[in-house]
Amino acid sequence: MDYFPIFIDIRAARCVVIGGGEIALRKAEALARAGAAVDVIAPVIRSELRELAATTGGACQDRGYEPDDLRAARLVVAATDDGAVNRAVSEHARTLNIPVNVVDQPDLCTYIVPSIVDRSPLVIALSSGGASPVLLRLLRERLERMFPAAYGELARLAGSVRERVREVIRDGDGRRRFWERVLEGPVAEAAVSGRMEQARAMLHAEIEAGTVAADRGGEVWLVGAGPGDPDLLTLKALRLMQRADVVLHDNLVSPQILDLVRRDAERIYVGKRRSLHAVRQEGINALLLEHARAGKRVLRLKGGDPFVFGRGGEEIASLATEGIPFQVVPGITAANGCAAYAGIPLTHRDYAQSVRFVTGHLKDDQVNLRWPELAEPGQTLVVYMGLVGLEAICKGLIEHGRDPATPVALIERGTLPEQRVITSTLAGLAERLAATEVHAPTLLIIGEVVRLRDTLAWRESAVDSGGGA
Ligand code: SAH
């Protein structure tokens, strides 16, 4: 190890910044965040830096650096563009045994400042010792994603009751176990998902009981997994996927996404066939209840968004009745994912002032839609589950007055590597499809906006336009 990592308390300590420019300002800001009194010395000092120094209780000297300037310093930062000054500061500080950092000159430093992920009071400090700043940045970005902003709140909450826990749970091992379960259980989950009041109340109850609720009840997470591309998962979805004990998933959740679920979670496939829908749905509801009652963290992973043609509402209704805690995490719905990846804006000032999501499901071999409304121009229609009813939908719209030349795009396996887009017109689509093998899932976008794909397609080239118009 080239450097010994420490965190220094510099509250109200005098820290000296030599330099008056942009970089000096950034260093001074960092010192100020940790509560230092910042003195600034430079012939020319920016006004922001001057103000900052004053707010911290530090002083500014509008002149060149002098050796005496370091005398009372706890830490020194040199941020000038004058090599001789930087060297002199470094030498004096070493003689006085005061830690010194010279910006971008590691050989003149006796300490370096790590890159940080700040979830105060929780702080992660990182350094590559100058070996690879880019690798360091990538690592920091990953950590930023891994720890939601609310981790700071959680740490503060834990800190606020530490003494009380010490009084109630006297044995050190017991206390460690208590904290481990609190910080992995429902209290942490509530805090991290922004339900601070609930987290606080649960934690207080658990302290006074001397046990952790994780031992008692399970929870269900109804999570949208997006349209297929794993990169389109939300951070929250990913976090819950990595904490689940049981996962219930169906056809629309891609294997690549399932791979991201915690390795040792139990996986239950509850794929639905259209005709068995009703029966199966009750079965799924029952499974959710059963596992949650057994104290499990149950992940119900659904394609797209759980509240868009996802029966998400039905699945949590029984949980709500039974008093089982649950969370709902939105996902990118197929319409948004397919539109973006096909280069089709769903609204556009010139072509579409509104967009509707409709289901093209057949009921008694009929598509029952409000045709006159849907046939209005100036709107984009997105048809979910339409492959069987496609022909009927195009025909119905034309019969109710929508222009037969209205462009349409059928997006097959949108956002996945195999995505394919078939474009045609309302009048031409059926014929075009008769000559093509199409694989589920598919989504149909109808409206003038489809034309924009000619210039906006970015995923594949826009050469698949079919005839039939
Ligand atoms: N809750 C989901 C929709 C479920 S209904 C969501 O918000 O996206 C299932 C229908 O969604 C499919 O029949 C298909 O029309 C559409 N769909 C889902 N994923 C898709 C994808 N990757 N590409 C095209 N269509 C998709």
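## Residues around the ligand

In this predicted model, the ligand is surrounded by 18 residues. The closest of these are Pro227, Asp305, Val308, Thr333 and Thr442. By residue type, the shell around the ligand consists of eleven nonpolar, five polar and two charged residues.

Two domains each supply at least three residues to this shell: domain 3, covering 219–332, and domain 4, covering 335–456. At the level of secondary structure, helix H14 (334–342) and strand S17 (442–446) are the elements that contribute two or more residues to the shell.

## Polar contacts and burial

Backbone atoms of three residues make polar contacts with the ligand. A polar backbone atom of Pro227 is 2.8 Å from a nitrogen atom of the ligand; Pro227 is also listed among the closest residues of the shell. For Gly414, the distance from a backbone N or O atom to a ligand nitrogen atom is 2.8 Å. The contact with Met385 involves an oxygen atom of the ligand, which lies 2.8 Å from a polar backbone atom of that residue.

The ligand taken alone exposes 540 Å², and 91% of that area is buried by the protein. Where does the ligand sit? Its site is the second largest pocket.

## Backbone geometry

Most peptide bonds are trans, and most residues other than glycine have a negative phi. The model contains departures from both patterns, described below.

The peptide bond from Ser120 to Pro121 is cis, with omega near 5°. Pro121 is located in the loop that links strand S6 (115–119) to strand S7 (122–126). Another cis peptide bond connects Ala440 to Pro441, with omega about -5°. Pro441 belongs to the loop between helix H17 (429–434) and S17. Strand S17 is one of the elements giving two or more residues to the ligand shell, and Thr442 is among the residues closest to the ligand.

Ala12 is not a glycine, yet its phi is positive, at about 60°. This residue is found in the segment before strand S1 (14–18).

Notes
Residues are numbered from 1 along each chain as its sequence is written. This is a predicted model: local features need pLDDT of at least 70, side-chain atom pairs count only at pLDDT 80 or more; totals for chains, interfaces and linings use all residues. Side-chain values use heavy atoms; hydrogens and water are left out. A residue is near a molecule or strand if one of its heavy atoms lies within 4 Å of it. A polar contact is a pair of N or O atoms within 3.5 Å; within protein, one must be able to donate a hydrogen and the other to accept it, and residues adjacent in sequence count only if both atoms are side-chain atoms. Accessible areas come from the Shrake-Rupley method with a 1.4 Å probe; for residues, only the protein chains shown count as cover. On a 1 Å grid over the protein atoms alone, a cavity is a set of points where a 1.4 Å probe fits but cannot get out, and a pocket is an open set with protein on both sides within 12 Å along at least five of seven lines; lining residues have an atom within 4 Å of a point. A molecule sits in a cavity or pocket if more than half of its atoms lie within 2 Å of its grid points. Helices (H or I, at least four residues) and strands (E, at least two) are DSSP runs, numbered from the N terminus. Ala, Val, Leu, Ile, Met, Phe, Trp, Tyr, Cys and Pro count as nonpolar, Asp, Glu, Lys and Arg as charged, and the others, Gly among them, as polar. Domain bounds come from an automatic or database domain assignment.
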